[in-house]
Amino acid sequence: EGAGWTLQPLGSPGPLGTQAPARFEARWLDASDPRQRAELLAGLPLPGDEDAAPFGWAHRALCRSGLRLRVAAGSGALRLQLRHQPRAEVEAPLLVLELEPGAQLELIELHEREAGGACRRALVQNLQLHLQLGAGATLQHLRVVTPDAQDRVAHHLQARLAQGARYRQALLASGSAYQLQRNAIALDGERAEAHCGALLLADGVSLEQQVAVRHGAPHTHSAVRALALGRGKARVVVNAHTRIDPGADGAQARQNLRGVPAAGPPRLVLRPHLEILHDQVQAAHGASCGALPEEALFYAAQRGIDETAARALILRGMAEAVLGAALEREELSTLPGLDERLTRSLAQHLGGGRDA
């Protein structure tokens with residue numbers, strides 16, 4: 001009670017495993033109790049002195065409760081849905097997720113304000129997520145973050161991957177008065193992989209994503225993709241920083257950022273950045289910003305499709321390519337609710353409303 005998290009097992013995801021899912025353990029811990037607080041924060045790194053450290057120290061002071069979730073290896077994969085609802089106007093939720101060696105998890109994490117919820121006013125939220133993947137563990141992570149227009153939220157995700165671990169994240173986020181989505185991913189083990197894809201939608205509001213990946217071991221792979229859609233006076237910023245440490249032989253890193261102004265004069269800022277401290281690696285980055293191709297719109301008009309519907313179709317194809325590549329899925333409909341949320345979000349962004 002009061003933690004804000006609702007946990008729902010969804011059964012076997014099918015392609016990832018068999019009908020015998022892995023075992024998991026969930027504990028809601030009260031940070032006001034010294035013994036439970038020590039268990040809640042056990043093994044978590046201190047914020048340090050980096051740029052995002054003030055968020056981390058503020059979270060330590062404000063955190064009142066949290067969820068620790070541990071997934072064991074089993075004969076198959078596990079699918080869980082986590083839904084968070086704010087309980088107060090100012091809050092600092094915490095989620096710690098540990099995957100034991102060989103564990104497989106498909107996690108759907110939802111941050112959607114519900115009508116009649118406990119908190120009905122503008123929200124100030126400082127969320128921390130800590131992911132620890134053991135050797136050979138696999139995590140497919142869908143995050144949906146759609147705050148109200150006046151909310152101010154900052155989500156900080158830290159992930160550490162051991163040898164052979166694989167982490168894939170797809171993010172669907174819409175802007176608010178202030179929103180920061182920050183990922184810090186450490187590829188500590190040999191042959192660890194991390195892929196992040198994001199669809200960022202902002203209509204006259206602010207939205208920023210930061211993705212920092214560190215290749216700390218040989219033969220590690222990473223890919224960062226983002227599609228930023230801005231409308232009106234929106235401000236969307238995407239910062240991607242990938243560092244390849246000395247000794248990370250055979251590392252592979254990719255960055256692909258794209259911005260599309262849907263209407264008005266939005267400010268779209270795309271910053272890809274590679275820091276390469278080793279010779280025998282493969283790395284590439286790119287960023288592009290511009291309107292949808294007129295040829296594609298003309299092609300749709302020739303077939304009786306009006307401009308609004310044509311833009312929605314083109315943008316949906318681009319969004320599916322980004323999110324599908326992150327999750328290694330050709331059909332997003334296999335994830336519960338994602339297809340509907342994607343359609344609704346694009347329709348609202350283009351001004352068509354839910355009917356569109």
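The legends below describe close-up views of a predicted model.

**View 1. A salt bridge between helix 1 and strand 2, joining E39 and R27.**
The side chains of E39 and R27 meet with a nitrogen-to-oxygen distance of 2.3 Å, and this salt bridge is one of 24 found in a search of the whole structure. The pair links distant parts of the chain, since E39 belongs to helix 1 (residues 34-41) and R27 to strand 2 (residues 24-30), with their positions 12 residues apart in the numbering. Neither partner is classed as buried: E39 is partly exposed because its relative accessibility is 32%, and R27 is partly exposed because its value is 37%.

**View 2. The two ends of helix 1, with D33 and G43.**
At the N-terminal end of helix 1, D33 acts as a cap, with a side-chain oxygen that lies 3.1 Å from the backbone nitrogen of R35. After the helix comes G43, a residue with a positive phi near 80°.

**View 3. A salt bridge between strand 3 and a loop, joining R70 and E100.**
In the salt bridge between R70 and E100, the closest N and O atoms are 3.5 Å apart. The two residues are 30 apart in sequence, R70 lying in strand 3 (residues 65-71) and E100 in the loop between strand 6 (94-99) and strand 7 (104-112), and the pair thus links distant parts of the chain. R70 counts as partly exposed because its relative accessibility is 34%, and E100 is likewise partly exposed, with a relative accessibility of 25%.

**View 4. A salt bridge within helix 4, joining R316 and E320.**
The side chains of R316 and E320 form a salt bridge with an N to O distance of 2.9 Å. Both residues lie in helix 4 (residues 307-327), where they are 4 residues apart, about one turn of the helix. R316 is classed as buried because its relative accessible area is 16%, which is under the 20% limit, whereas E320, at 31% relative accessibility, counts as partly exposed. Elsewhere in the structure, salt bridges with shared partners join R160, D188, R214, R243, D245 and E275 into one network.

**View 5. The buried and exposed faces of helix 2.**
Helix 2 (residues 53-62) has A53, G56 and H59 among its buried residues. Seen down the helix axis, the buried residues of helix 2 fall within an arc of 120°, and they therefore line one face of the helix. The face turned away from this buried side carries the exposed residues P54 and A61. On the buried side, the residues of helix 2 pack against strand 6 and strand 8 (124-133).

**View 6. Strand 8 and its parallel partners, strands 5, 6 and 10.**
Strand 8 is mostly covered, with 8 of its 10 residues buried. Strand 5 (residues 90-91) pairs with strand 8 in the parallel sense over 2 bridges, and E91 stands opposite Q125 of strand 8. Strand 6 is also paired with strand 8 in the parallel sense, over 6 bridges, and here L95 has L129 in strand 8 as its bridge partner. Strand 10 (residues 152-161) runs parallel to strand 8 and is joined to it by 10 bridges, with H155 in strand 10 serving as the bridge partner of L127.

**View 7. The largest nonpolar core and the surroundings of I185.**
The largest nonpolar core has 49 residues, and those with the most contacts inside it are L97, L99, L105, L133, L139, L161 and I185. Strand 13 (residues 193-203) supplies the largest share of this core, 5 residues. With neighbours within four places in sequence left aside, I185 is in contact with A159, L161, Y167, A194, C196, A212, V213 and R214. A second, separate core of 25 residues includes L201, L229, A319 and L335.

**View 8. E193 in strand 13 and the residues that E193 touches.**
E193 has its place in strand 13. The C-alpha atoms of E193 and A162 are 9.6 Å apart in space, although the two residues are 31 apart in sequence. Not counting residues up to four places away in sequence, E193 touches L161, A165, R166, Y167, R168, L187 and H221.

How values were computed. Residues numbered from 1 in each chain as written. Predicted model: local features only at pLDDT ≥ 70, side-chain atom pairs only at ≥ 80, totals over all residues. Heavy atoms only, no water. Salt bridge = Lys/Arg side-chain N within 4 Å of Asp/Glu carboxyl O. Buried < 20%, exposed > 50% of the residue type's maximum accessible area, 1.4 Å probe, protein only. Arc of directions from axis to C-beta. Contact = heavy atoms within 4.5 Å. Pairing = 2+ DSSP bridges. Core = buried A, V, L, I, M, F, W, Y, C linked by side-chain atoms within 4.5 Å. Polar contact = N/O pair within 3.5 Å; in protein donor to acceptor, adjacent residues only side chain to side chain.
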